[in-house]
Amino acid sequence: MNIELFMDMLRIESTSGKERALSEHLSAAFKTPACKLERWEVGDGTENLLFSWGEPEIVFCSHMDTVPPYIAPSMESLEDGDTIFRGRGTCDAKGQIFALYSACLELERRGHSGFGLLLLSGEETGSFGAKAFRTQHPGGRAVIVGEPTDGSMVSASKGTKSFALTFHGKPFHSGYPKMGESAIDTFYTFLSHLKAQQWPKDELLGETTWNIGKLSSDNPQNILSERLECRLYFRTTFASDSMVERFIAEAADALGCIDGSPRLEFQAFGGDTPMHYTTLEGFPTKTVAFGSDTPQLTNFPEKILCGPGSILVAHRPEEQIRLSELESARDQYVRMFETLKNI
């Protein structure tokens, strides 16, 4: 495998919104005489790339953007002869891109055609590249999406649901709290209700989980909070996916009004539903709790999710991947393609 090519990819910052620099680099670095390159604007300054060997019936795919902050790469040779790569994107998802491209080169060497490599923008912030691609290309029979799954084919994944929450209070001098009402107190009431909620356990995907981010209330320290805003993000299962929005609406009703206005206003942004994936005999399988571009690629009837690296180090300062994992993934992707071609 071309390690210097991989290191060049890792040296380019491509945190979400900045992946244009990487797409420009890869459009030249990945082009071979045997493949055709198509480029489409996503509409936010980023682009999607499709390298095609013949008419692509089976398409390998991953995303070019990474989560911030950018962490410069390093490489270490290990005593066992392996090499470990560290830095942002090593396993999510530049490692996948590198393994997928290496598989394409091997398929090209073996004389295969009818495959492609699709590189998308904006996966980490809403799958904007994948949503755009549905209108840019008719798709094909199957898409093989690279994400860090420890080399296992994903049989099913959790869904996602996202909400913007705004809690309203009545500002007043903090020396006289009974004269007002803090939006922070209302938030804690809602949070207690959320933590007490018993979601049904899914036999396949397990527990429903959630996380709160972008928490903000800019009231002065001596004034009761008039407003608190946050985002609430669920990881849903087949058993809970349809329940989540109803729970938020009922919680808002239960909190009632203050001065004629709701104490809790919410906006639902939707998300992905839990999903089953295509798996192939002879490959290890597992379920995962993370999202990907895969559900948005509706122009492919068969969807496979599989890749090297561990989700447990993705998005973390210690993000890393081993050369042996990348080599195994390359060989696995080649075998997937040849298996699909023979079905």
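This is a short talk through the strands, helices, salt bridges and one surface patch of a predicted model.

Let's start with the sheet. Which strands build it, and in what order? There are 6 strands in an open sheet, ordered 1-2-6-3-7-17. The pairing is mixed. At the edges sit strand 1, residues 36-41, and strand 17, residues 302-305. Each of these two pairs on one side only. From one strand to the next, the twist averages 20°.

Now look at one pair inside that sheet. Strand 2 covers residues 47-53, and strand 6 covers residues 115-120. They pair in the antiparallel sense, over 5 bridges. To find the register, take Ser52: its bridge partner in strand 6 is Gly116.

What lies across these strands? Helix 2, residues 20-29, lies across strand 1, strand 2 and strand 6. Helix 2 runs at about 20° to strand 2.

Next, a hairpin. Strand 4, residues 74-77, pairs with strand 5, residues 83-86. The sense is antiparallel, with 4 bridges. Glu76 stands opposite Ile84 in strand 5. Between the two strands of the hairpin there are 5 residues. Gly81 in this hairpin takes a positive phi near 95°.

Strand 5 has another partner to point out. Strand 18, residues 320-322, runs antiparallel to strand 5, and 3 bridges join them. Here Arg86 stands opposite Gln320.

On to helix 1, residues 3-11. Which of its residues are buried? Leu5, Phe6, Met7, Met9 and Leu10 are. And what do they pack against? The list takes in helix 2, strand 4, strand 5 and strand 18. It also includes helix 3, residues 94-109, and helix 7, residues 323-341. So those buried residues meet both strands of the hairpin we just saw, given that contact means heavy atoms within 4.5 Å.

Now the salt bridges. How many are there? The count comes to 25. I'll show three of them.

One is Glu13 with Lys18. Their closest N and O atoms are 3.5 Å apart. Glu13 is partly exposed, at 29% relative accessible area.

Another is Arg20 with Glu47, where the closest N and O atoms are 3.8 Å apart. This pair links distant parts of the chain. Arg20 is in helix 2, Glu47 is in strand 2, and 27 residues separate them. Are the two partners buried or partly exposed? Arg20 is partly exposed, with a relative accessible area of 25%. Glu47 is buried, at 2%. Under 20% is what makes a residue count as buried, so the two partners fall into separate classes.

The third is Arg110 with Glu338, at 3.0 Å from N to O. It also links distant parts of the chain, 228 residues apart. Arg110 sits in the loop between helix 3 and strand 6, and Glu338 sits in helix 7. Arg110 is partly exposed, with a relative accessible area of 43%. Glu338 is partly exposed too, at 25%.

There is a network as well. Salt bridges that share partners join Arg20, Glu24, Arg39, Glu41 and Glu47. Remember that Arg20 and Glu47 are the pair from helix 2 and strand 2.

Last stop: the surface. Which residues form a nonpolar patch there? Phe172, Tyr176 and Met179 do. Together they have about 330 Å² of accessible area. Where is Met179? Look in the loop between strand 9, residues 159-168, and helix 5, residues 183-196.

Note on methods. Residues numbered from 1 in each chain as written. Predicted model: local features only at pLDDT ≥ 70, side-chain atom pairs only at ≥ 80, totals over all residues. Heavy atoms only, no water. Pairing = 2+ DSSP bridges. Axes fitted to C-alpha atoms, helices over the stretch in contact; angles between N-to-C directions. Patch = residues over 30% accessible without salt bridge, like charges linked within 9 Å, V, L, I, M, F, W, Y side chains within 5 Å. Areas by Shrake-Rupley, 256 points an atom, 1.4 Å probe, with all protein chains shown as cover. Salt bridge = Lys/Arg side-chain N within 4 Å of Asp/Glu carboxyl O. Buried < 20%, exposed > 50% of the residue type's maximum accessible area, 1.4 Å probe, protein only.
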